[in-house]
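Colleague: I would like a close look at one part of this model, the nonpolar interior. Please set it in its surroundings as well, in terms that a first-year student can follow.

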Amino acid sequence: LIKMEAGYMLSSVWPNFYSILIPLLVPYMVRFFRQFTWLKLVKSTIVSSFLMKHVNLIVPFVLVYLTLFLLLPILDLLIGDAAQVLVASVTSLSIEVQGFLRMIIIHCFWFIGIHGDNTYLSLFSDSIMTQPFIAGLSLNSFYNQFVIVGGSGCLLSLIIATMWKGRSLQELALMKVSLPFNIFNFCELIVYALPIVFNPVYLVPFILAPSVNFLISSWVLGTGIFEFSSQEISWMTPVLLNSWLISGDVKVVLYQALLITLNVFIYLPHIQQNTVQ
């Protein structure tokens, strides 16, 4: 439901904030309604337990649906204006500050198990990503090639560091499986299987590595040392190949490799800490 001048209407736009909030609320609400025995349609054990369980979920499901249908417009009234002020304050900042804040917010969402990029898109406009940023590159191209090298959190470097210094056989096996995906900048396997999510050992390097890349690359590319073509390439283009395609310059490829190496050393102390624990 979205608020319009004429009232509330169903929105077909995806993603939006409620597509994230609703799945978080539903399990708790179902559990709340299931505790009331008088809502059960079947109380006899004559039918199978499987059938009884699912028939008895019908009323709680309907109640959850109706509750959310009534609750969300009220929630929108309570937080809608405040959210608009927050969004306006962020989008009024310079493209450099917006780009850095966007990166921090996205990685914080990833850390709590929510898809960071989609969540940011549902809260803020992502139009800045297509704007020219530095050295003839859009912010999107700069971000994909020189900030999140090897996926969000620069997790390709975590894989390399773990395969170099890690001692856990389980982690080493996971890194070998994940390596092909992270070369193509997919981070989900490491984020959820290692996990990065809610893992305090990896919180600092997960945010620090892309932050360091952002600041260093902003300065390096700002000197005009590299030249780039204006073409946009897919974020799934493999690491090192993507830097070659936008530049045709081996020095740019070597620079990206240097960022990967720097990120490896950012992750190393935390891998050893995780091994000790």
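Modeller: One definition has to come before the rest: a residue is buried when its relative accessible area is under 20%, exposed when it is over 50%, and partly exposed in between, with a 1.4 Å probe and protein chains only as cover. The model is a predicted one, so local features are reported only at pLDDT of at least 70 and side-chain atom pairs only at pLDDT 80 or more, while totals for chains, interfaces and linings use all residues. Numbering starts from 1 along each chain as its sequence is written, and side-chain values use heavy atoms, without hydrogens or water.

Here is the whole before the part. The protein has 277 residues, and 41% of them count as buried. Along the principal axes, its C-alpha atoms fill a box of roughly 75 × 55 × 30 Å. The protein contains 12 helices and 4 strands; these are DSSP runs, H or I over at least four residues for a helix and E over at least two for a strand, numbered from the N terminus. A contact means heavy atoms within 4.5 Å. Among the contacts between residues at least 6 apart in sequence, 68% join residues at least 24 apart.

Now the interior. A nonpolar core is a set of buried Ala, Val, Leu, Ile, Met, Phe, Trp, Tyr and Cys residues joined through side-chain atoms within 4.5 Å. The largest one here has 55 residues, and Phe146, Leu158 and Leu221 have the most contacts inside it. Two or more of its residues come from each of these elements: helix α4 (95–111), strand β3 (132–134), and the helices α6 (139–146), α7 (155–165), α8 (169–183), α9 (188–193), α10 (200–222) and α12 (250–276). Helix α12 gives the largest share of this core, with 9 residues. There is also a second, separate core of 5 residues, and Met29, Leu39, Val64 and Leu68 are among its members.

Phe146 deserves a longer look. This residue lies in helix α6 and is buried, because its relative accessible area is 0%. Setting aside residues up to four places away in sequence, Phe146 touches nine residues that can be picked out on the model: Leu137, Asn213, Ser217, Leu221, Phe228, Ile246, Val252, Tyr255 and Leu259. One of them, Leu221, is itself listed with Phe146 among the residues with the most contacts inside the core. Asn213 and Ser217 are also on the list of partners. As a check on distance along the chain against distance in space, Ile160 comes 14 residues away from Phe146, and their C-alpha atoms are separated by 18 Å.

The helix that carries Phe146 is mostly covered: 7 of the 8 residues of α6 are buried. Those buried residues are Leu139, Ser141, Phe142, Tyr143, Asn144, Gln145 and Phe146.

Next come the cysteines. A disulfide is a pair of cysteine sulfur atoms within 2.5 Å. By this rule the model has 0 disulfides. Cys108 is in none, since its nearest cysteine sulfur, on Cys187, lies 14 Å away, beyond the 2.5 Å limit. Cys108 is partly exposed at 35% relative accessible area. Cys154 is in no disulfide either, with the sulfur of Cys187 as the nearest cysteine sulfur at 10 Å. Cys154 counts as buried because its relative accessibility is 0%.

Some loops between the helices show backbone details that are worth finding. The peptide bond from Leu194 to Pro195 is cis, with omega near -5°, and Pro195 sits in the loop between α9 and α10. Asn185 is in the loop between α8 and α9. Its phi is positive, about 70°, although Asn185 is not a glycine. Asn185 is buried, because its relative accessible area is 9%. Leu240 is another residue other than glycine with a positive phi, in this case near 75°. It belongs to the loop between α10 and α11 (241–245). At 33% relative accessible area, Leu240 is partly exposed.

To return to the part you asked about, the core of 55 residues draws on seven named helices and one strand, among them α6 and α12, and Phe146 in α6 is a good place to begin tracing it.
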